[in-house]
Amino acid sequence: MGLMASINEEVAALLREYAELLGLTGGDMFRTRNYERAAKSVGGYPEDIGAIPDTALTKIPGVGSSIAGKIAEYRRTGTIKAVDDLRAEVPPGALLLAKVPGVGPRRALQIAGQLGVTSVGELDEAVRSGRLRSVAGFGPKSEERILRGIAVAVSDAALREALRALPDGATEDDIYAVLAAHVPRAAGADDGSALIRAEGLRGDLHTHTDLTDGIVSLPGMIAAAEQRGYEYYAVTDHAPNLVMQRMTDEKMLAQRDQLRALAGSTGMVLLHGTELNIAPDGSVDWDEDFLSGFDMCVASVHSSFEQDRATMTKRFVTAAENPRVNVIGHPLTRKIGRRPPVEADLDALYAACARTGTALEINASPDRMDLPPQHIAAAREAGVKFAIDTDAHSLVDLTHMPYGAAAARFGGLTSADVINAWPLGRLEEFLRKGR
Ligand SMILES: [Zn+2]
Ligand SMILES: [Zn+2]
């Protein structure tokens, strides 16, 4: 088991690094995404990939002939030439700097290449000493953004490490203990016996399939969700304005037909939804007529993270006021230690959600945990309802619900606050938004 885990892990790490290098060197976005997916898939593959014949490697989801060739090469030679070649093109430290929030690939290459900066500490020093300004295109605004990014990376590092150190199958209590140790606790969010637990959740309302960036088919995801004992399950693949996902009206409608056809083969009630993109002005993909065909809609910010506070607040309020938007997905778009939360007037966001019957998501991905646990109690106080969702892109992701439940418990939520703890009828009424 140890050995088997290690070759899958080794290959996954190399594929992930290749994706990162492609992203850094301006490689094709779709190709980068394919390698990311393959890395995820290989890392979570239940069989020892060392024992799979070359010709059968393509049966691993997300592994096509080109990636299969690289895996075979690694098994034969212990290296992948394409990865080595790209590594040689990139100055030392660039890959690491690109992961600092607010830096990004282009700037990471500039900073590493022109200043010889190879660590976060050196980057901090380069900004504070004014050396960064000697690089073309860097001024006070980028200095400020990078210092803010370093602060996020540093302040979240302990939480990120503690979450990453949890074993697969960590219990809700293990996760709760990590939150209690690392997240500032809001006053008034005290413990109590009626608090929500993962067992109390009746369904998942934000999940993906391989129609967009998930790695598992629709029937595969549904079968795995059913094993979790859910009463209902929503499929919410990405909408067209996230161009990389190549969604079309036709694909979405075909998926709906497929989902309706699967309804008879499962005890769960299947909801056909989508994850809309909240545009910079608060509008979303598709017109009212097309949106009315969905059972529910999640809407999330996937772009223009750097908007000023007033604009971002208006963006959220406009989205909440949309009668078809039921859940604001991963509301602050933070990735722990990787991407800072967006700036918005949270009180205004909570008020808009409470007034319009729009739930805020508690995204259970251990990389996100968003709405951040420290904000949940205040949102509840403002009358907000919540959806605790995995945002699953794989079968493993479906098991992350305890992270969301632990966060909800940390924020003092009971089943009355959480729409996917409700019976279907009550959930459906909420989803109608008074229509
Ligand atoms: Zn999203
Ligand atoms: Zn999603």
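The paragraphs below lead through a predicted model, beginning with its two zinc ions and moving on to its cysteines, its enclosed and open spaces, and some backbone details. In this model, local features need pLDDT of at least 70 and side-chain atom pairs count only at pLDDT 80 or more, whereas totals for chains, interfaces and linings use all residues. Residues are numbered from 1 along each chain as its sequence is written, chains are lettered from A and ligands numbered from 1 in the order in which they are written, and side-chain values use heavy atoms, with hydrogens and water left out.

The zinc ion (ligand 1) is coordinated by Glu 275 through OE, by His 302 through NE2 and by His 330 through NE2, at 2.1 to 2.2 Å; donors here are N, O and S atoms within 2.8 Å of the metal (3.2 Å for Na, K and Ca), and since water is not among the atoms, sites may look incomplete. Along the sequence, the donor residues of this zinc ion (ligand 1) are spaced E-x26-H-x27-H. The pair Glu 275 and His 302 links distant parts of the chain, 27 residues apart, with Glu 275 in strand E3 (residues 269–277) and His 302 in the loop between strand E4 (296–300) and helix H14 (309–321). Helices (H or I, at least four residues) and strands (E, at least two) are DSSP runs, numbered from the N terminus.

The zinc ion (ligand 2) has as its donors His 206 (NE2), His 208 (NE2), Glu 275 (OE) and Asp 391 (OD), at 2.1 to 2.2 Å. What is the arrangement of the four donor atoms around the zinc ion (ligand 2)? The four donor atoms subtend angles of 81 to 169°, which makes the arrangement irregular. By the criteria applied, four donors count as tetrahedral if all angles lie between 85 and 135 degrees, four count as square planar and six as octahedral if opposite donors are over 155 degrees apart and all others between 65 and 115, and anything else is irregular. In sequence, the donors of the zinc ion (ligand 2) follow the spacing H-x1-H-x66-E-x115-D. His 208 lies in the loop between strand E1 (203–204) and helix H11 (218–227) and Glu 275 in strand E3, so this pair ties together parts that are 67 residues apart in sequence.

Glu 275 coordinates both zinc ions, ligand 1 and ligand 2, which are 3.6 Å apart. Glu 275 is buried, with a relative accessible area of 1%, where buried means under 20% relative accessible area, exposed over 50%, and partly exposed in between (1.4 Å probe, protein chains only). His 208 is likewise buried, at 0%, and Asp 391 is buried at 7%. Asp 391 also has a backbone feature to note, for its phi is near 55°, a positive value in a residue other than glycine; its place is in the loop between strand E7 (386–389) and helix H17 (395–398).

Turning to the cysteines, the structure holds zero disulfides, a disulfide being a pair of cysteine sulfur atoms within 2.5 Å. The sulfur of Cys 353 is 15 Å from the closest cysteine sulfur, in Cys 297, too far for a bond. Cys 297 counts as buried at 2% relative accessibility, and Cys 353 counts as buried at 2% as well.

As to internal space, the structure holds one cavity of 30 Å³ or more. About 30 Å³ of space lies in the largest cavity, and its lining consists of Arg 160, Leu 163, Arg 164, Ile 336, Pro 366 and Asp 367. On a 1 Å grid over the protein atoms alone, a cavity is a set of points where a 1.4 Å probe fits but cannot get out, a pocket is an open set with protein on both sides within 12 Å along at least five of seven lines, and lining residues have an atom within 4 Å of a point. Grid points are joined across faces, edges and corners, and a volume is the space filled by probe spheres set on the points.

The second largest pocket has a volume of about 290 Å³ and is lined by 17 residues, of which Asp 156, Arg 334, Pro 372, Gln 374 and His 375 lie nearest its centre. Helix H9 (157–164) and helix H16 (373–381) are the elements that give two or more residues to this lining.

Finally, the peptide bond from Asp 370 to Leu 371 is cis, with omega near 10°, and Leu 371 is placed in the loop between strand E6 (359–363) and H16. Lys 433, in the segment after helix H19 (424–431), has a phi near 50°, a positive value in a residue other than glycine, and is buried with a relative accessible area of 16%. Most residues other than glycine have a negative phi, and most peptide bonds are trans.
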